[in-house]
Amino acid sequence: KYQKIRIYILSNLIYCKTFVPQCPNIPVAERVDCYPDAGASKGCVQRGCCWSPLNERNAPWCFFPTNHGYTVVSEGSSNPYELTARLKRMDSPSLFGGDIQELVFQAEMQTSNRLHFKIYDANNKRFEVPHEHVRTVSSNPSTPLHKALRITREPFGLTVRRSDDEKVLFDTTMAPLVFADQYLQLSARLPSHNIYGLGEHVHQNYRHDTYWKTWPIFTRDSFPNGVTLQPAPAVTFRTIGGVLDFYIVFGYTPEQVVAEFLELIGRPVIPAYWSLGFQLSRWNYGNLTEVKATVDRNRAINLPYDVQYTDIDYMEDKKIFTYDKVKFKELPQFADYLNEKGQKYILILDPAVATSKRVGNAPYESYDRGTAVDAWVTYSDGKTPLLGEVWPGETVFPDYTSQNCIDWWVDEYQRLYTEIKHDALWIVSQF
Ligand SMILES: *[C@@H]1O[C@H](CO)[C@@H](O)[C@H](O)[C@H]1NC(C)=O
């Protein structure tokens, strides 16, 4: 009986004794927030964090100690271009629970200017974004991995160098890795304040502000999915699921880096030169005579004018893949009328498809053909088409994720293209 009590007390003591956050003089600019949920207080020490209030509010008062994160238990490689390491979580309190104890770190040189690394659960498969557009590497990289990547074992961290001049580009040793079921975080010191990119926002400046700025991603205005920039300069990535999967491309100029990046993700389509010109579009010209009168009026005053549109009022009762054979009788040749003077014609198309019949109770064949191949978005039963109310009245919606729908859409569009000449198409978003 006594023994039991003694063991209980002892284990409590061991727990208290084992973890003391090590908080050396970490420069304020390099503090990584250990309390990203609002309202940090001295109690953050119970999370194993360091606590040191400041005069300013932006820099974290509660920040990561140096003895948090993971350690490398083994590492190996089968060729000079790759490395696999196994990581084990250090004994330390958890931020939010669900910490994954064993991880795999995997790195490979994919080209002489591209490093790929990934950190994932060693024992359980987790969600990964499918990479259908990231092509696998075909050529052999000429730079061995050790020239670009170095690993620190305790705590685990990685340093990425540009192999030509040894410049350090990405250094995660400044803060620990956190890898829990619903909270993943990786920080890196960066070589300069020239930080660009990050989607999901209308950025006011191309170059980012590194004064304690967090850009949420996939959320409107809050954590935890996001990217934090701080004055070190450094970046912290936080996410609530999946794995950590990074590509680092090397180059000396923005042009070189962009070229390397496009090598990875594929090159964009170069738009037609004329599509960058002046364009005129409005809804409800009413009839083609009126459209032509508009074109003539603007030509007469030599207005710079490359493209004319017609909006959905060219259609019969706003039904896509049709045109109004009375008010827009000569629409099939309208492109010729514009092309003669070097102008182009774009027609507007909506995705939603009316369920009603055409004028004179005639069948609406585009709708009928789509119905025949189950091209529509359905309820969760996978059968009943979801109905909506859009410009032509009651509609169904093409399910562009289904191959049947894609085939149907291509076929309908080819029919339209054969019927009405045009130079380009504007497909309005889903309404
Ligand atoms: C074409 O539309 C204009 C403007 O709505 C109208 O004034 C004109 O009468 C219409 N012309 C014909 C032939 O329908």
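Which residue in S21 is the bridge partner of Val390? I open with that pairing because the answer, Gly393, leads into the strands that I wish to discuss. Please keep in mind throughout that the model is predicted.

Let me begin, then, with S20 and S21. These two strands run antiparallel and are joined by three bridges. They form a hairpin, with two residues between them. Strand S21, residues 393-396, has a further antiparallel pairing, over two bridges, with strand S19, residues 353-354. In that pairing Val353 stands opposite Val396 of S21.

Just ahead of the hairpin in the sequence is a loop that I would like to consider briefly. Thr384 is located between helix H6, residues 365-372, and strand S20, residues 388-390. Is Thr384 buried or exposed? It counts as exposed, since 10 C-beta neighbours lie inside 10 Å, and the limit for that class is 12 or fewer. If neighbours within four places in sequence are left aside, Thr384 is in contact with Thr378 and Tyr379. For a sense of distance across the model, the C-alpha atoms of Thr384 and Val73 are separated by 54 Å, the two residues being 311 apart along the chain.

I turn now to the sheets. One is an open sheet of five strands with antiparallel pairing, in the order S3-S4-S5-S6-S15. Which strands stand at its edges? They are strand S3, residues 70-76, and strand S15, residues 244-249. Each has a single partner strand, and therefore one side of each is left without a neighbour in the sheet. From one strand to the next, the twist averages 20 degrees.

At the S15 edge, the partner is strand S6, residues 114-121, and the two pair in the antiparallel sense over six bridges. Within this pairing, Arg114 has Val249 of S15 as its bridge partner. Helix H3, residues 254-265, packs on the sheet and touches both S6 and S15. The direction of helix H3 makes about 135 degrees with that of S15.

The other sheet to mention is an open one of four strands, with parallel pairing and the order S16-S17-S18-S22. Its edge strands are S16, residues 279-280, and S22, residues 424-427, each of which pairs on one side only. Strand S18, residues 344-349, runs parallel to S22, and four bridges join them. Here the bridge partner of Leu349 in S22 is Ile427. As a general reminder, strands of a sheet pair through backbone hydrogen bonds, either parallel or antiparallel.

Next, the backbone geometry. Most residues other than glycine have a negative phi, and most peptide bonds are trans. Against that background, four places in this model deserve attention.

Where are the cis peptide bonds? One runs from Glu154 to Pro155, with omega near -5 degrees. Pro155 is in the loop between strand S7, residues 149-153, and strand S8, residues 156-161. Another cis peptide bond joins Ala232 and Pro233, with omega about 0 degrees. Pro233 likewise lies in a loop, between strand S13, residues 226-230, and strand S14, residues 234-239.Two residues with positive phi follow. Asp317 has a phi of about 50 degrees although it is not a glycine, and its place is in the loop between strand S17, residues 307-310, and helix H5, residues 334-339. Asp317 is partly exposed, with 16 other C-beta atoms within 10 Å. Lys318, also not a glycine, has a positive phi of about 60 degrees. Lys318 is found in the loop between S17 and H5. With 19 C-beta neighbours inside 10 Å, Lys318 counts as partly exposed; the buried class begins at 20.

I come next to the ligand. Which residues are around it? They are Gly286, Asn287, Thr289 and Glu290. By class, this shell has three polar residues, one charged residue and no nonpolar ones.

Finally, a word on annotation. An unreviewed UniProt entry carries the annotation "domain: P-type" for residues 21-66. In the model, that span is 0% helix and 9% strand. The end C-alpha atoms of residues 21-66 lie 7 Å apart.

To return to the opening pairing, Val390 has Gly393 as its bridge partner, within the hairpin formed by S20 and S21. Thank you for your attention.

Methods. Residues are numbered from 1 along each chain as its sequence is written. This is a predicted model: local features need pLDDT of at least 70, side-chain atom pairs count only at pLDDT 80 or more; totals for chains, interfaces and linings use all residues. Two strands pair if DSSP finds at least two bridges between them. Axes are lines fitted to C-alpha atoms, for helices over the stretch in contact, and angles run from 0 to 180 degrees between N-to-C directions. Two residues are in contact if their C-beta atoms, placed from the backbone, lie within 7 Å. A residue is near a molecule or strand if its C-beta atom, placed from the backbone, lies within 6 Å of it. Ala, Val, Leu, Ile, Met, Phe, Trp, Tyr, Cys and Pro count as nonpolar, Asp, Glu, Lys and Arg as charged, and the others, Gly among them, as polar. UniProt positions are given in the numbering used here, feature names are shortened, and annotations may be inferred rather than shown by experiment.
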